[in-house]
Structure formats: C-alpha cells, structure tokens
Amino acid sequence: MEDYYLKVSKGHTDRRKLKSRLMIILCYVAAAMAILPLLYIFFYTTMQGASSLNIDFFTELPKPVGESGGGMANAILGTLILVALGSVIGIPVGIFAGIYITEYSKSIFANVIKFVTDVLSGIPSIIIGIFAYGLIVIPMKSFSAYAGGFALGVLMIPTITRITEEMLKLVPHSLREAALALGIPRWKTTLRIVLRTAQSGIITGVLLAIARAAGETAPLLFTSFGNSFWSTSLDSPMASIPVQIFNYAISPYDEWHSKAWAGAFVLISLVFIVSLIVRLATRNKFSQTA
Amino acid sequence: METAEEITKEAAVIETVSEEKVKYTVETEGLTVSFKGREAINDINIKIRANTVTSIIGPSGCGKSTFLRSLNFMHDLTPGAKVKGTIKIHNKNIDEYDMTEVRRRVGMVFQKPNPFPTMNIYDNVVAGIIMNKGKKRNELNEIVEQSLELAGLWEEVKDRLKVSAMALSGGQQQRLCIARTLAVNPEIILFDEPTSALDPISTSKIEETLFHLKNKYTIVIVTHNMQQAARVSDYTAYFFLGKLIEYARTRTIFTSPREKLTEDYVTGRFG
C-alpha cells in the first residue's frame, strides 16, 4: 500500500516539476526577448556612433555639405533648452493634476481629468505637434522654441499625471489620517507627508517622461523646426538632436549619416545617464535597515 | 498589583464627587453617523469624564470606531459620511472650533502602527508640532524626550533618534505613534484598537503607558479585548448595532450589568 502510494505520487511530482521547469524557461525566453533588442540597439548605436564622435561634435556648429568636421553643439543645446521648457510646463501641470485626481477624487471633475489624461496619453505625438503648430506657430507666424517646448510639455503631462496618481495611490490612507489626526492641515498633509512618501516614485516617473520627451522628433518637426546656427532666443526656430538626426539620416551623404549615428549615440547616452541617476538617487532611500 | 488598587481608590474619589462637579471632557447628544444613508451609529448620548480611561466595547460592526472617529472629524474624509447631533468638547460645540484645532486637541492612535515612513524617529515625533507652528530647536529636543519617555519608548531609542521609523518593531512603532500624538499636547486621546496588531508583550507595555497617561489626558479606547477593557478602563460603554446599550463604571459592566445584552456579551454568551 505504501509502495503503491509512493509510486503514484512520484510520477505526479515529476510531472509537476517538469511543468515548473518549462514555465521558468519560458519566462527566461520572454525576458531575453525584451532585453536583447534593447542591448542590440545600444551596442549597434555605440559602434556606429562612437567612432564619429569627437570634441568638435560637442562644440562646433554643423558644416555645410561637402565640408568635413563640424558638430551638433547647437542641437545639443537646443534639446536641453526645449526639454527644460517642456519640463516647466509638463512637470507642474502633471504633478498637480495627479494630486487632484487622487486627493480630491470625490469630484466628478477629477474623473473627467482622469479620462482626458488617458485619451491624451494615446494621442500620437505628431498630432500634439500639429496642435502646437496651430496654437502657437500660426499666430506667431514663425517656428519657435516656445512652440517646441509647449509640444514637449503637453506630451509629458499624461505620463507625469498617471505616474503621480499611481504613486499617490500607493500611499496608505492611514498615513493621511495619521497626519490629519495630529491637526496638520490638509494641504500640508498632502504636500509634506503624502507627496514626500511618494516622492521617489514620482521623481522616477518625471525623469522617464523627460527622457522620453528628449527623444521625440515628431512634435518638433513643425514647431521648433530646426536651425543650422546658434540660437538661444526662444521665439525663433531652434535645433534639436532628434530633428537633426532625422535631417541627417534622410540625406544622401555618408558624412551626414555618420553624424546622425553620433547624434543617436549622444541621445541614447543622455537617456541612459538620466535613468542611471534616477536609479542611484532613489536606491535604498527608505530602506528598513538601520 | 498597585495599579488595580489605584483604580479602585480613584474610582472611589470620583464616586464621592457629586454629579455636578464631575468634569466632562466630551459630551455627545443625539449623535448619529450615517454612510450613504445607512446609519452606523444612532442617537448616542454619552458623557466622558476628564482624566479617566473610557473603553468602548461591542461586537464587530457595532459602531465603536465610527463613534470614536466622529470625535475628531475623521469622517470628514469619507465620501458619503454624514454626522448629525452635537458633540461638545469642554462644553463647546466642536463646530465652533476650527477643524484642525479639534484634531490637535483630540489626538488619535490607530489600529495599525502608521509612522511616517520617510521620517526618522525624531522627525516623526515632532512632525505635528513643526507642521502646526514652528518651534525652537532646543524646545523640540525636550518635547521629543518627554513624549518618548511618556510613551515608554525613550530608553529603547534614545541612541538612534535619527534612524528611520520603519526600522522599529511593530510594538515600538505603535509607541512612537503614541509619542507623536502626545507631542502636540492634546487633551483627549482616542485609541482605536491600538494593540490588536501587536504581540502580548507590546500590548502590556502600551497598557502600562495608558495607565500613566490618565493623569494628564482623557482617554477613550476602542477594544475587542474585554480583558483589556477590564484591565485599563475606569468606565466602559457597550455598543450594539449602532446603539449605546450601557455605559457605567467598568466594574459594574463586568460584574453586575443592568442590561441583559451587556451581560450576554461580557460573559461570552453572546448571540
């Protein structure tokens, strides 16, 4: 009797172990499929781009066709300015909208915002570019950094709103009650207890939104347009790395192609560095160990 | 134990004072709280004596916590909650106070320890003070020590005040929450099942703390544990189905209750 029982149960466990192993292998395959393309892009861009990278790339203006050398200094600066402009619009609006949705969710208006945010996050970025074109470029009668920054800002809003909302939802309700029970006013509870508890998640989300905005081409094509010269005035066209890559990549010149690769490499490195900073800055911040 | 004797002695003192002279800290009249039209507590009339521990007992869902939370506007956050009737604190209707002032004067300790996770022990204790009004640094140090001392946590944490509050054990976290409540110097402290998530040793430490707090504060404690009610409180209120069934001296409730319902509950013959 005992032997019989053991026999049956052994075959059964073997089958279960096999199933378990199979599932684990499938998980590994899925993980590999997610990571490999990323690594491939990263290494390929590095190989193609790093070779044509030099000091000039960061300090010189683009040279006309036929002349060798030159760089993308104006585009790098332009991207920084445009992203900064976008952040000025996108970060506060996004964060405050997220706070409103979670902390004042009783109102119908909050649900409307939530729905609109969902729709907005699904809108193709080129549509946002057209929106900024119609709203700013046409009345101003000129492509401008304002329009580009505005488009990037609008692009960032849904991402930041959603991540703020998700992070605030993770803050336990008991924490809000604890703060209010101490006689702390509601707005201070929100700003100094709730927001602070969720801050590392929100910062991560904001930086990811910035990284994404930095790589956007479509919303800039007919807003900030591009510029071959130094331009720091916000009401005139401004160069940016993605647009410059686009222009170089579709050109027929090998010299420009390698410049595009270098630009792509710089862009990816920027995103990579930002992500790395996020990781380091938020790592183990609230660890439980003493 | 000395504690039991002291309770009896103090109870005797209160007994001799005529009803007029007894100081009531909290009084409710016709207090009714409903959630989306469903009444959770109905017509509660109770007078809570100053510097006593009053425990609220009753089966789950009888409205104990609802009653407690109405005393410091905690229902304000709950959508669909409606509070009717009057609540008086020191003979003044709570609607006449500023909401944050009521909450500061009526502190609350919750069932699950909820220290602020982003702050260290020190900052947790002073959070309520700093965010109400600024205070001088040296004053703060003193308050931190006093509050932690009173909550029975000082000896365990005095060398690591800058350590995250989350590094403490559950029982220590709960005592930290008590210290945090004490720091804003309330007059009344509400305890909503403060030990139901804790082990027996932490529980006894908190009960000990409650006993010391009685001198300075009026304490109302909701508890599921009848032994705890018997141990720590001077007065006990028995709630059933949203009604206040009986409210009397704890000894009376547990030895010779007036109501049959109360007797059934405290003797475990409930249902």
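Colleague: Which residues are linked in a network of salt bridges?

Modeller: Lys114(A), Asp118(A), Arg162(A), Glu165(A), Glu166(A) and Lys169(A) are linked in such a network. Keep in mind that this is a predicted model.

Colleague: How do I read one pair in it? Take Glu165(A) and Lys114(A).

Modeller: Look at the distance, then at where each partner sits. The side chains of Glu165(A) and Lys114(A) meet in a salt bridge at 3.5 Å, N to O. Glu165(A) lies in helix α6 (residues 145–170) and Lys114(A) in helix α4 of chain A, so the pair ties together parts 51 residues apart in sequence.

Colleague: Are Glu165(A) and Lys114(A) buried or exposed?

Modeller: Glu165(A) counts as buried, because its relative accessibility is 0%. Lys114(A) counts as partly exposed, at 27%.

Colleague: Which parts does the pair Arg162(A) and Asp118(A) tie together?

Modeller: The side chains of Arg162(A) and Asp118(A) meet in a salt bridge at 1.9 Å, N to O. Arg162(A) is in helix α6 and Asp118(A) in helix α4 of chain A, so this pair ties together parts 44 residues apart in sequence. Arg162(A) is partly exposed at 24% relative accessibility. Asp118(A) is partly exposed too, with a relative accessible area of 36%.

Colleague: How many salt bridges are there over all chains?

Modeller: The rule counts 19 over all chains. Another one joins Glu216(A) to Arg212(A), with the closest N and O atoms 3.4 Å apart. Glu216(A) is buried at 12% relative accessibility, whereas Arg212(A) is partly exposed at 43%.

Colleague: Let's turn to the interface. How is its size given?

Modeller: It is often given as the accessible area lost when the parts come together. Here, chain A and chain B bury about 2300 Å² between them. Carbon and sulfur atoms carry 65% of that area.

Colleague: Which three residues of chain A supply more of its buried area than any other three?

Modeller: Glu177(A), Ala181(A) and Leu182(A). They supply 26% of the area that chain A buries against chain B.

Colleague: How many residues are in contact on each side?

Modeller: On chain A, 23 residues are in contact with 31 residues of chain B.

Colleague: What polar links cross between the chains?

Modeller: The rule finds one salt bridge across the interface. Arg69(B) forms a salt bridge with Glu177(A), with 2.5 Å between the closest N and O atoms. The count of residue pairs in polar contact between the chains is three, with both residues at pLDDT 80 or more.

Colleague: Which elements of chain A give two or more residues to that side?

Modeller: They are α7 (173–181) and α8 (186–197) of chain A. The largest share, eight residues, comes from α7(A).

Colleague: Now a single residue in α8. Is Val194(A) buried or exposed?

Modeller: Val194(A) lies in helix α8 of chain A. Val194(A) is buried because its relative accessible area is 1%, and the cut-off for buried is under 20%. Leaving aside neighbours within four places in sequence, Val194(A) is in contact with Glu103(A), Leu168(A), Val171(A), Arg176(A) and Thr189(A).

Colleague: And a nonpolar surface patch. Which residues make it?

Modeller: Ile108(A), Phe109(A), Val112(A), Phe115(A), Val116(A) and Val119(A) make a patch of about 620 Å². Take Phe115(A), found in helix α4 (residues 108–122) of chain A. Phe115(A) counts as exposed because its relative accessibility is 58%.

Colleague: What about Lys214(B): is it buried or exposed?

Modeller: Lys214(B) is buried, with a relative accessible area of 4%. Its place is the loop between α8 (200–213) and β8 (218–222) of chain B. A polar contact of 3.2 Å joins its side chain to that of Asp234(B).

Colleague: Last topic, the backbone. What sign does phi have in most residues other than glycine?

Modeller: Most have a negative phi. Asn51(B) has a positive value, near 55°. Asn51(B) is in the loop between β2 (38–49) and β3 (53–57) of chain B, and is partly exposed at 30% relative accessible area.

Colleague: Where does Asn185(B) lie?

Modeller: Asn185(B) lies in the loop between α7 (170–183) and β7 (188–192) of chain B. Its phi is positive, about 55°, although Asn185(B) is not a glycine. At 47% relative accessibility, Asn185(B) counts as partly exposed.

Definitions and conventions:
Residues are numbered from 1 along each chain as its sequence is written. Chains are lettered from A and ligands numbered from 1 in the order in which they are written. This is a predicted model: local features need pLDDT of at least 70, side-chain atom pairs count only at pLDDT 80 or more; totals for chains, interfaces and linings use all residues. Side-chain values use heavy atoms; hydrogens and water are left out. Patches are made of residues with over 30% relative accessible area and no salt bridge: like charges are joined within 9 Å, nonpolar side chains (Val, Leu, Ile, Met, Phe, Trp, Tyr) within 5 Å. Accessible areas come from the Shrake-Rupley method with a 1.4 Å probe; for residues, only the protein chains shown count as cover. A salt bridge is a side-chain nitrogen of Lys or Arg within 4 Å of a carboxyl oxygen of Asp or Glu. Helices (H or I, at least four residues) and strands (E, at least two) are DSSP runs, numbered from the N terminus. Buried means under 20% relative accessible area, exposed over 50%, partly exposed in between (1.4 Å probe, protein chains only). Contact means heavy atoms within 4.5 Å. Buried area is the accessible area (1.4 Å probe) that two parts lose on being put together, summed over both. A polar contact is a pair of N or O atoms within 3.5 Å; within protein, one must be able to donate a hydrogen and the other to accept it, and residues adjacent in sequence count only if both atoms are side-chain atoms.
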